[in-house]
Amino acid sequence: MAQAAAGLTAVGRRFYDRGWVLGTSGNFSAVVSRRPLRLAITASSVHKGTLSRRQILGIDDRARVRPASAGRSSAETLLHLEILKTRDAGAILHTHSVWSTILSGLHASTGGLAIQGFEMLKGLDGVTTHEHREWIPVVENDQDMPRLAANVRRVLADHPSAHAFLIRRHGLYTWGRTIADAERHVEILEFLFEAIAKENGHGFGENSDRRSDDSRHR
């Protein structure tokens with residue numbers, strides 16, 4: 001538990017510094033044991049930039065905090081458990097970056113986002129060529145966690161090769177065999193989201209161009 005807590009708190013600081021988990025957004029988990037299942041997970045509503053080991057809780061396979069008096073785990077604990085049921089994951093990381101929020105809204109109507117032709121794709125587990133086509137499903141956001149978890153379960157079953165999914169206007173979920181693998185996936189995907197958004201002109205519209213022109217002529 002101590003090793004997982006140290007790894008997750010370090011990730012929190014790095015991700016906060018990059019603007020991926022501002023405020024109290026995001027949540028992280030890592031498997032401590034498989035049988036019985038014990039998961040180290042961030043407590044609810046904690047700032048990830050100042051995350052401490054005391055704010056990493058232990059839960060079981062029914063999302064119960066162990067010991068029960070330790071606090072309240074992330075509101076999205078059920079999503080972590082659904083990912084563990086269908087993926088060979090040792091760690092799960094959830095971020096709320098600007099680019100994942102924008103792209104998840106833009107691509108929700110088509111059910112997801114296809115990424116192909118980028119060298120950075122080779123940073124995803126098992127990918128060996130830039131020609132790989134990565135499909136990132138988009139799940140509709142929902143404050144009813146059991147219902148959202150059921151939708152996540154369906155999406156993961158429908159897309160068994162996906163390395164991640166997005167929640168509409170919410171953020172990214174990805175995973176890996178270790179905390180380091182999951183962190184690498186976040187870095188790769190956040191890079192790709194930003195590259196795609198900028199390539200398609202999101203955030204670089206006519207008004208921003210005009211402001212740049214005005215500033216040059218002052």
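## A walk across the sheet and its helices

Select E2 and E3 to begin: these two strands pair in the antiparallel sense over four bridges. What you have open is a predicted model, so keep that in mind as you click around. For a single pair to look at here, show Thr 42 and its bridge partner in E3, Ile 56.

Stay on E3 for a moment and colour it by burial. Both of its faces are covered. Ile 56 and Gly 58 are buried on one side, and Leu 57 and Ile 59 are buried on the other.

**Zoom out to the whole sheet**

Now show every strand. You should see an open sheet of eight strands, in the order E3-E2-E1-E4-E8-E7-E6-E5, with mixed pairing. The edges are E3 (56-59) and E5 (112-116), each of which pairs on one side only. Look along the strands and you'll find neighbours turned by 20 degrees against each other on average, if you ignore direction.

Next, pick E1 (residues 27-33) together with E2 (residues 38-42). These run antiparallel and are joined by four bridges. Click Ser 29, then look for its bridge partner in E2, which is Ile 41.

Add helix H1, residues 2-17. H1 packs on the sheet, where it touches E1, E2, E3 and strand E4 (91-95). Its direction makes about 160 degrees with that of E1.

**A stop in the loop**

Select Ser 74, in the loop between E3 and H2. Is Ser 74 buried or exposed? Its relative accessible area is 9%, so Ser 74 counts as buried. Show its surroundings and, leaving out residues up to four places away in sequence, you'll find it touching Asn 27, Ile 41, Thr 42, Ala 43 and Ser 44. You've met two of these already: Ile 41 as the partner of Ser 29, and Thr 42 as the partner of Ile 56.

**On to E8**

Head for E8, residues 171-176. Six of its six residues are buried, so this strand is largely enclosed by the rest of the structure. On one side, E4 and E8 pair in the antiparallel sense over five bridges. Show Leu 93 here, and you'll see it standing opposite Thr 174 in E8.

Then bring in E7 (164-167). E7 and E8 also run antiparallel, joined by four bridges, and Leu 166 has Leu 172 of E8 as its bridge partner. Follow the chain round the hairpin of E7 and E8, which has three residues between the strands. Stop at Arg 169, which takes a positive phi near 50 degrees.

**Val 138 in E6**

Click Val 138, whose place is in strand E6. With 10% relative accessibility, Val 138 counts as buried. What is Val 138 in contact with, leaving aside neighbours within four places in sequence? Select Ser 104, His 107, Ala 108, Gly 111, Gly 112, Leu 166 and Arg 168 to see the set. Leu 166 turns up again here, having just appeared as the bridge partner of Leu 172. If you want a distance to try in the viewer, go C-alpha to C-alpha from Val 138 to Ala 63: they are 24 Å apart in space and 75 residues apart in sequence.

**Two helix pairs to finish**

Show H5, residues 179-199. H5 lies across E1, E4, E5, E6, E7 and E8, and runs at about 145 degrees to E8. Now add H3, residues 98-106. The axes of H3 and H5 come within 9 Å and cross at roughly 60 degrees, which makes H3 oblique to H5. H3 passes H5 in a left-handed crossing. To see the contact, select Trp 99, Ser 100 and Leu 103 of H3, with Glu 190, Phe 193, Glu 194, Ile 196, Ala 197 and Lys 198 of H5. Coloured by type, those residues come out as five nonpolar, one polar and three charged.

The last stop is H2 (residues 77-86) with H4 (residues 145-158). Their axes come within 9 Å and cross at roughly 25 degrees, so the two helices are roughly parallel to each other. This time the crossing is right-handed. From H2, select Leu 78, Leu 79, Glu 82, Ile 83 and Thr 86. From H4, add Met 145, Pro 146, Leu 148, Ala 149, Val 152, Arg 153 and Leu 156. That contact divides into nine nonpolar, one polar and two charged residues.

Terms used: Residues are numbered from 1 along each chain as its sequence is written. This is a predicted model: local features need pLDDT of at least 70, side-chain atom pairs count only at pLDDT 80 or more; totals for chains, interfaces and linings use all residues. Side-chain values use heavy atoms; hydrogens and water are left out. Two strands pair if DSSP finds at least two bridges between them. Axes are lines fitted to C-alpha atoms, for helices over the stretch in contact, and angles run from 0 to 180 degrees between N-to-C directions. Contact means heavy atoms within 4.5 Å. Buried means under 20% relative accessible area, exposed over 50%, partly exposed in between (1.4 Å probe, protein chains only). Angles under 35 degrees count as roughly parallel, over 145 as roughly antiparallel, 65 to 115 as roughly perpendicular and the rest as oblique. A crossing is left-handed if the near helix is turned anticlockwise from the far one by less than a right angle, and right-handed if clockwise. Ala, Val, Leu, Ile, Met, Phe, Trp, Tyr, Cys and Pro count as nonpolar, Asp, Glu, Lys and Arg as charged, and the others, Gly among them, as polar.
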